[in-house]
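Subject: A structure for you to look at

Hello,

I am handing over a structure that I have been going through. Please open it and have a look, then read on for what I found.

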Amino acid sequence: MNKKINTLLFVAGATLFNILITVLAFIILIVISSRLINWILPDGIKSDEIVLWQFILSFIGGMVLSFFIYRFAIKFLMKKIDADKYFAPIFSGRRR
């Protein structure tokens, strides 16, 4: 395979990985926050506003958490492989 195909496959795989990590982080935060709310509040006191804030904060937290996990994974991968050897530049420099 040439460098352009490697780059395309890497970008597609990294995008799918990022989406998967975001969904998993969101689901994990929803589960943790649900159990925390059920532990703190007595039965039957859960209001719609609490559930809405739980969803919003879990969504934002999932995005932030996935950003850091993705960033760590890419840095780790770039230490293991030589990007210049296997990947073509996505954006070429200006021609003078």
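Below are my notes, from the whole chain down to single residues.

Please keep in mind that this is a predicted model.

The overall picture

The protein chain has three helices and zero strands, so written along the sequence its pattern is simply α-α-α. Along its principal axes, the C-alpha trace spans about 65 × 30 × 20 Å. The radius of gyration is 20 Å, whereas a compact globule of 96 residues would have one near 12 Å. Of the 96 residues, 15% are buried. The accessible surface comes to about 8,300 Å², and carbon and sulfur atoms hold 71% of that surface.

Contacts across the sequence are a good thing to look at next. Taking the contacts with a separation of 6 or more, 80% of them join residues that are 24 or more positions apart.

Helix H2

Is the length of helix H2 what its residue count suggests? Helix H2 covers residues 48-80, which is 33 residues, and at 1.5 Å a residue it should span 48 Å. Its end C-alpha atoms are 47 Å apart, so the two values agree.

Which residues of H2 are buried? They are Gln54, Ser58, Gly62 and Ser66. Look at their numbers and you will see a regular step. An α-helix has 3.6 residues a turn, so residues three or four places apart point the same way. Helix H1 (3-40) is part of what covers these buried residues.

Ser66 makes a nice example from helix H2. Its relative accessible area is 3%, and because buried means under 20%, Ser66 counts as buried. Leaving out residues up to four places away in sequence, Ser66 touches Asn18, Ile21 and Thr22.

Aromatic pairs

How many aromatic pairs does a search of the whole structure find? It finds five. In one of them, the ring centres of Phe10 and Phe87 are 4.9 Å apart and the planes meet at 40 degrees, so this pair is tilted. The pair links distant parts of the chain, with Phe10 in helix H1 and Phe87 in the segment after helix H3 (83-86), 77 residues apart.

Are these two residues buried or exposed? Phe10 has a relative accessible area of 25%, which makes it partly exposed, while Phe87, at 16%, is buried. The cut-off for buried is under 20%, so the two fall on opposite sides of it.

Another pair is Phe17 with Tyr70, whose ring centres are 6.4 Å apart and whose planes are at 35 degrees, so it is tilted. This pair also links distant parts of the chain: Phe17 is in helix H1 and Tyr70 in helix H2, 53 residues apart. Phe17 counts as partly exposed at 33% relative accessibility, and Tyr70 is partly exposed at 24%.

There is also an aromatic cluster, formed by Phe26, Phe55 and Phe59.

A closer look at Phe10

Phe10 is worth finding on your screen. Not counting residues up to four places away in sequence, Phe10 touches Ile74, Leu77, Met78 and Phe87. Phe10 and Ile28 are 18 residues apart in sequence, and their C-alpha atoms are 26 Å apart in space.

Happy exploring, and do write back with questions.

Best wishes

Methods
Residues numbered from 1 in each chain as written. Predicted model: local features only at pLDDT ≥ 70, side-chain atom pairs only at ≥ 80, totals over all residues. Heavy atoms only, no water. Helix = DSSP H or I, 4+ residues; strand = E, 2+ residues; numbered from the N terminus. Expected span 1.5 Å × (residues − 1). Buried < 20%, exposed > 50% of the residue type's maximum accessible area, 1.4 Å probe, protein only. Contact = heavy atoms within 4.5 Å. Phe/Tyr/Trp six-rings, centres within 6.5 Å; stacked < 30°, edge-to-face > 60°. Rg over C-alpha atoms; globule rule 2.2 N^0.38 Å. Areas by Shrake-Rupley, 256 points an atom, 1.4 Å probe, with all protein chains shown as cover.
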